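Hi,

Here is the structure I promised to send over. Have a look at it first, and then read on for my notes.

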Amino acid sequence: MSFSLYDAVVPTNLQVLRAIDALLDKAAAFCVEQGKTEADLIDARLAPDMLPFGYQVKSCVGHSVGGIEGVKAGTFSPDMAPWPTDFAGLHGILQTAIATLQALDRDEFDALAETDTQFAFGETRMPFTGANFLLSFSQPNFYFHATTAYAILRAQGVKLGKRDFMGMPRIKR
């Protein structure tokens with residue numbers, strides 16, 4: 001069996017995005033149980049100089065679907081738009097990302113491997129191939145933001161475990 005760029009990126013992005021979507025349900029239940037508002041968690045941070053939970057969730061979308069769209073366009077710049085300020089909005093962007101990833105054509109995706117792709121932010125420019133961008137830049141960022149979102153909820157007291165972060169593994173059937 002050959003292992004493709006699609007196999008290395010898309011299924012795991014789907015697995016983790018679904019897990020993050022489920023974390024939102026646990027966060028909402030926690031808010032009800034603890035008498036907290038959604039904003040209490042969406043605005044929560046691990047440290048004063050880090051961006052909040054809502055940004056972390058939005059960045060998971062940005063480094064999954066957004067990274068792929070950047071490779072298709074030949075350039076990726078971070079999305080600096082505001083993030084949703086409620087759980088429904090966060091669910092919405094996650095569900096849209098999941099649907100977009102599910103609709104990708106494997107062969108078209110694999111053809112992106114050698115596409116010239118540039119990371120652009122302010123004066124910074126970094127050249128990549130599509131595969132190198134997705135695997136060495138976008139995917140590590142995706143995991144960083146997913147882990148940070150999980151850690152923020154844990155730090156706020158939401159009862160989560162490792163399986164909540166991992167989501168549903170792709171086991172042999």
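Which hand does the crossing of helix 1 and helix 5 have? It is left-handed. Before I go further, please keep in mind that this is a predicted model.

**Helix packing**

Staying with that pair, helix 1 covers residues 5-34 and helix 5 covers residues 87-102. Their axes lie 10 Å apart, and the two helices pack at an angle of about 160°. Angles over 145 degrees count as roughly antiparallel, so helix 1 is roughly antiparallel to helix 5. As for what sits in the contact of helix 1 with helix 5, its residues split into 15 nonpolar, four polar and three charged.

Helix 1 also packs against helix 3, with an angle of about 155° and the axes 11 Å apart. Helix 1 and helix 3 are therefore roughly antiparallel to each other. Their crossing is left-handed.

Helix 3 in turn packs against helix 7, and here the axes are 8 Å apart and the angle is about 150°. That angle makes helix 3 roughly antiparallel to helix 7. Helix 3 passes helix 7 in a left-handed crossing.

**The sheet**

Next, the strands. There is an open sheet of three strands, in the order 1-2-3, and its pairing is mixed. Strand 1 and strand 3 are the edge strands, each pairing on one side only.

Where does the mixed pairing come from? Strand 1 and strand 2 (residues 116-121) run in the parallel sense and share two bridges. Strand 2 and strand 3 (residues 124-129), on the other hand, pair in the antiparallel sense over six bridges.

If you want to click through the register, these are the partners I noted:

- Thr 75 is opposite Gln 118 in strand 2.
- Thr 117 is opposite Phe 128 in strand 3.
- Phe 119 is opposite Met 126 in strand 3.
- Ala 120 is opposite Arg 125 in strand 3.

Strand 2 and strand 3 form a hairpin with two residues between the strands. Look at Gly 122 there, which takes a positive phi near 60°.

**The largest pocket**

This is probably the part you will open up yourself. The largest pocket holds about 340 Å³ of space, and 20 residues line it. Which of them lie nearest its centre? Those are Gly 62, His 63, Phe 76, Pro 78 and Asp 79.

By residue class, the lining of the largest pocket is made up of eight nonpolar, nine polar and three charged residues. Several elements contribute: helix 3 (53-62), helix 4 (65-73), strand 1 (75-76) and helix 7 (130-155) each supply at least two residues of the lining. Helix 3 gives the largest share, with five residues.

So helix 3 turns up in both parts of these notes: helix 3 packs against helix 1 and against helix 7, and helix 3 also supplies residues to the lining of the largest pocket. Strand 1 does something similar, as an edge strand of the sheet and as one of the elements that line the largest pocket.

Shout if anything looks odd on your side.

Cheers

Conventions
Residues numbered from 1 in each chain as written. Predicted model: local features only at pLDDT ≥ 70, side-chain atom pairs only at ≥ 80, totals over all residues. Heavy atoms only, no water. 1 Å grid on protein atoms, 1.4 Å probe; cavity = no way out; pocket = protein on both sides within 12 Å on 5 of 7 lines; lining within 4 Å. Points joined across faces, edges and corners; volume = space filled by probe spheres on them. Helix = DSSP H or I, 4+ residues; strand = E, 2+ residues; numbered from the N terminus. Nonpolar A, V, L, I, M, F, W, Y, C, P; charged D, E, K, R; others polar. Pairing = 2+ DSSP bridges. Axes fitted to C-alpha atoms, helices over the stretch in contact; angles between N-to-C directions. Parallel < 35°, antiparallel > 145°, perpendicular 65-115°, else oblique. Left-handed = near helix turned anticlockwise from the far one by under 90°.
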